[in-house]
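Please open the model in the viewer and keep the selection tool at hand. The tour proceeds from one selection to the next.

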Amino acid sequence: MKKNGKNQFVYVLTCVDPANIDTLVKIFNHRFGKGNYFMPGELGGVKVLVDPAKKTDREFVLNKIKTSDRVHKIDLILLVNHSGCGAYRLAGHVFENKDEEESFHAGEMKKASTLLQKKFPDTKLETGYFLKKEQKMTW
Ligand SMILES: [Zn+2]
């Protein structure tokens, strides 16, 4: 994606689950171009913002985004959670079915978006949900 003749730069906040990484990299390389995004990876994706194990974890990630923005002006923050996430399971979240799980994550995305909008009012926000078993992104 181009803006003013240069590529937009993206910060991707997503889980580190190794089962997803190869596919996510392919999807993001295709969509944003290689080298046009940061994707440090956090256990549980937006869980680290919405429901961090320790409050300092949230600050740590917010500082990462802030620093990334200073290094390389971030145009878009993309939030991606995924189905079958172990970090959520560990925190006691059990889902009856796919719909329940997906709607729970939609709520998580909303909470994370609200928080990030306050911290980064000039940065665009997008959310996505990755289906681990199907290896597919739902935007
Ligand atoms: Zn995960």
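**A tour of the sheet and the zinc site**

Begin by selecting Val12, which stands opposite Leu78 in S5 of this predicted model. Widen the selection to strand S3 (residues 10-14) and strand S5 (residues 76-82): five bridges join them in the parallel sense. Next, add helix H3 (residues 55-71), which packs on the sheet and touches S3, S4 and S5. The direction of H3 makes about 165° with that of S3.

Now display the whole sheet. It is open and has five strands in the order S4-S3-S5-S6-S7, with mixed pairing. S4 (37-38) and S7 (136-138) are the edge strands; each has a single partner strand, so one side of each is left without a neighbour in the sheet.

Return to S5 and select strand S6 (residues 124-131) beside it; the two run parallel and are joined by seven bridges. Here Leu79 stands opposite Thr127 in S6. Continue to S7, which pairs with S6 in the antiparallel sense over three bridges. Leu131 has Lys136 in S7 as its bridge partner. The two strands form a hairpin with four residues between them, and Gln135 in the turn shows a positive phi of about 55°.

Finally, select the zinc ion. Which protein atoms are its donors? They are Cys15 (SG), His82 (NE2) and Cys85 (SG), at 2.0 to 2.3 Å from the ion. Cys15 lies in the loop between S3 and helix H1 (18-32), whereas His82 belongs to strand S5, so this pair ties together parts that are 67 residues apart in sequence. Cys15 and His82 are both buried.

Conventions:
Residues numbered from 1 in each chain as written. Predicted model: local features only at pLDDT ≥ 70, side-chain atom pairs only at ≥ 80, totals over all residues. Heavy atoms only, no water. Pairing = 2+ DSSP bridges. Contact = heavy atoms within 4.5 Å. Axes fitted to C-alpha atoms, helices over the stretch in contact; angles between N-to-C directions. Donors = N, O, S within 2.8 Å, 3.2 Å for Na, K, Ca; no water. Buried < 20%, exposed > 50% of the residue type's maximum accessible area, 1.4 Å probe, protein only.
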